[in-house]
Amino acid sequence: MKRAKFDLFMSLSRQRSVQVLIFIGFLYVVLVGFEVPFVFRNGFSLVSQDGFGTGQFSKSFVLDSEEELAEKKAPIRPLFDVPLQVPPIQSSKPERNIREIKNPLSSLVFDGSFVNMTSKDGFSGILKSAKEAFEVGRKLWKELELHKKEVGFLESNNNKTTEECPHSISMSGFDFQEKGKRMMVLPCGLTLGSHVTVVGRPKRAHQEHDPKISLLKEGQFLMVSQFMMELQGLKTVDGEDPPRILHFNPRLKGDWSGKPVIEQNTCYRMQWGTAQRCEGWRSRDDEETVDGQVKCEKWTRDDDANHSEQSKASWWLNRIVGRKKPVSFDWPFPFSVDKLFVLTLSAGLEGYHINVDGRHVTSFPYRTGFALEDATGLSLNGDVDIDSVFAASLPSSHPSFAPQRHLDMSNRWKAPPLLDQPVDLLIGILSAGNHFAERMAIRRSWMQHRLVKSSNVVARFFVALHGRKDINVELKKEAEFFGDIVIVPYMDNYDLVVLKTVAICEYGVHVAFAKNIMKCDDDTFVRVDAVIKEVNKIPENRSLYVGNINYYHKPLRNGKWAVTYEEWPEEDYPPYANGPGYVISSDIANFIVSEFDRHKLKLFKMEDVSMGMWVEKFNSTRHVQYVHSLKFSQAGCVDDYYSAHYQSPRQMICMWNKLQQQGRPLCCNMR
């Protein structure tokens, strides 16, 4: 009986086991049925290799952090449109479609109709200059766009740009006054060490009836004897008077002071600068010098009462102490009527120097906005007879304008295209129209960084129009070929550099959709990855201003960088980062563009100080995180730099090679 029950139990157990096995098998078939389509649809790489039943995915499916992505070598984007293969399932990341921007012209618009031309405050002065510069810029751009024949003529005569200039030029008085119309042409301008010698003879005074000079009543006249020697920029816009880069004006007789005077000045677009008058008194000991020379030397004046009193006091002192009387030299005014003089004008490192008959007379510091290469003509007018003119140590070719020597028109240096999504950083590089060598060196060095080539970082040159048509033609060709130049449509002027910064903000906000915007100069080497890493230390939701920040700097009231109280009435500037390299967040850039469009943005002739003013105003409504770092180097290259200023084209290439070969930021100390 027990045996029968045991057999029945075993029989039932086998049946249940079979049923369980059948159920497990059915469940297995069902699971495989769901898994196989998933594998085929998404790929075998998504299934974890650690175990089939765990349902885990491989690490490649996990999104990398932004910092990890920066360490990886980004793929180089194509320089032309390629057909995109659309996957069956859309990715969670947006597609990076390429955008074509063929017009190199900036979208920045300056409507000068609101400018009050009669206002005398410091803000209106730069607005007047901006209005005039944009008006001229529109004419220059229109010429480039419409006058194709002229452009074709310039292109077919490129040999004119490579033509070598004479090392020296000499002209007799007859040739200078008759054939040359009192003008000597200096084809390639001047360079450091160039000098011009003039041999002449001042004329006797004549009756001057021009009320602008005599300031006398009708029927009266003034006896005047004066002449003007000027360095002029002959290659400028048609229909305008050439700029007077140096105006040297000895007044033997007829000055309002009643004494012989030498006045020096500059004039650009009929606007005279601040005159430097030498009236026979030596420059003060605390006044700035020019290459170690004083601006004004002393000469004998008939009203020098202090001289006689000092002589008496010195005589009594010498009698008491038994000191011998020192030998003194009293030089007369360097020019005399009908007396031959030999005047030498030389170009130094900091300014022009005038020597007459072997004696230093005056020095005139270079004014911002003018370069030695721009001085392409020497004129002499007024009450003077010229015997001869001789110019020597001249440049054999134009120092900056030789694009065919510097530009490498190779596709490998073209800028990667913009993508239709925000970029991490826009780097706006301020450059001048004729800085072909500087731009090419940047293209061959730090613009080859993987973050730039992958379009995660966008780098663009911001250039205004030049006064020379041939340079503008070459600039436009360069912009169209490389695709990395944004032309701001105004006539370039040093005091208006701030407009390029506004254009950088406008491009970063409306074109590049950049999260952050960096401004630098074309002699600044940028470590792109180091700048990105420094910026990423700050949370994304915060406004930032990163750079080598100056605190409590005071405006200079005298000298080359003088600022008037009308321009800036306060005793301290707001905190500002040095111009060669700083970063702002996109919300600050958007604020700047908005204020500019509403004509409420205060423009200042110092670009970096302007940015400090704008950020301070933005900071009054939303907190800005200021980040100071000396690694944004202002004075050159420092160890472990983020950016390095004052780097020549040779240094750019050298620093890039060291960064690539040795993997460390090293300086190259050569110019």
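1. A good place to start is Cys-278: at 0% relative accessibility, this residue counts as buried (buried means under 20% relative accessible area, exposed over 50%, and partly exposed in between, with a 1.4 Å probe and protein chains only). Cys-278 is joined by a disulfide to Cys-296, with an S to S distance of 2.0 Å (a disulfide is a pair of cysteine sulfur atoms within 2.5 Å). The pair links distant parts of the chain, 18 residues apart: Cys-278 sits in strand E10 (residues 276-278), and Cys-296 in the loop between E10 and helix H8 (305-321). Helices (H or I, at least four residues) and strands (E, at least two) are DSSP runs, numbered from the N terminus. Cys-296 has 7% relative accessibility, so this partner counts as buried too. The torsion about the S-S bond of Cys-278 and Cys-296 is about -70°, so the disulfide is left-handed.

2. Before going on, a word on the model. This is a predicted model, in which local features need pLDDT of at least 70 and side-chain atom pairs count only at pLDDT 80 or more, while totals for chains, interfaces and linings use all residues. Residues are numbered from 1 along each chain as its sequence is written, and side-chain values use heavy atoms, with hydrogens and water left out.

3. Now for the wider view. The protein has 17 helices and 26 strands. Of its 671 residues, 45% count as buried. Among contacts between residues at least 6 apart in sequence, 71% join residues at least 24 apart (contact means heavy atoms within 4.5 Å). The accessible surface comes to about 36700 Å², with 55% of this area belonging to carbon and sulfur atoms; accessible areas come from the Shrake-Rupley method with a 1.4 Å probe, and for residues only the protein chains shown count as cover.

4. How many disulfides does the structure hold? There are four, and with bonded cysteines counted along the chain they follow the pattern 1-2, 3-4, 5-7, 6-8.

5. Next, look at Cys-637 and Cys-667, which form a disulfide with their sulfur atoms 1.9 Å apart. Cys-637 lies in the loop between strand E25 (632-633) and strand E26 (643-644) and Cys-667 in the segment after helix H17 (649-662), so the pair ties together parts that are 30 residues apart in sequence. This link is left-handed, with -80° about the S-S bond. Cys-637 counts as partly exposed at 22% relative accessibility, whereas Cys-667, at 18%, counts as buried.

6. Helix H17 also takes part in a disulfide through Cys-654, whose sulfur atom is 2.0 Å from that of Cys-668. Cys-668 lies in the segment after H17, so this pair ties together parts that are 14 residues apart in sequence. Cys-654 is buried at 18% relative accessibility, and Cys-668 is buried with a relative accessible area of 2%. The torsion about their S-S bond is about -80°, so the disulfide is left-handed.

7. Finally, a helix pair. Helix H13 (residues 497-510) and helix H15 (residues 586-597) pack at an angle of about 120°, with their axes 9 Å apart. Axes are lines fitted to C-alpha atoms, for helices over the stretch in contact, and angles run from 0 to 180 degrees between N-to-C directions. Residues of H13 including Leu-499, Val-502 and Val-509 belong to a contact that includes Ala-589, Ile-592 and Phe-596 of H15.
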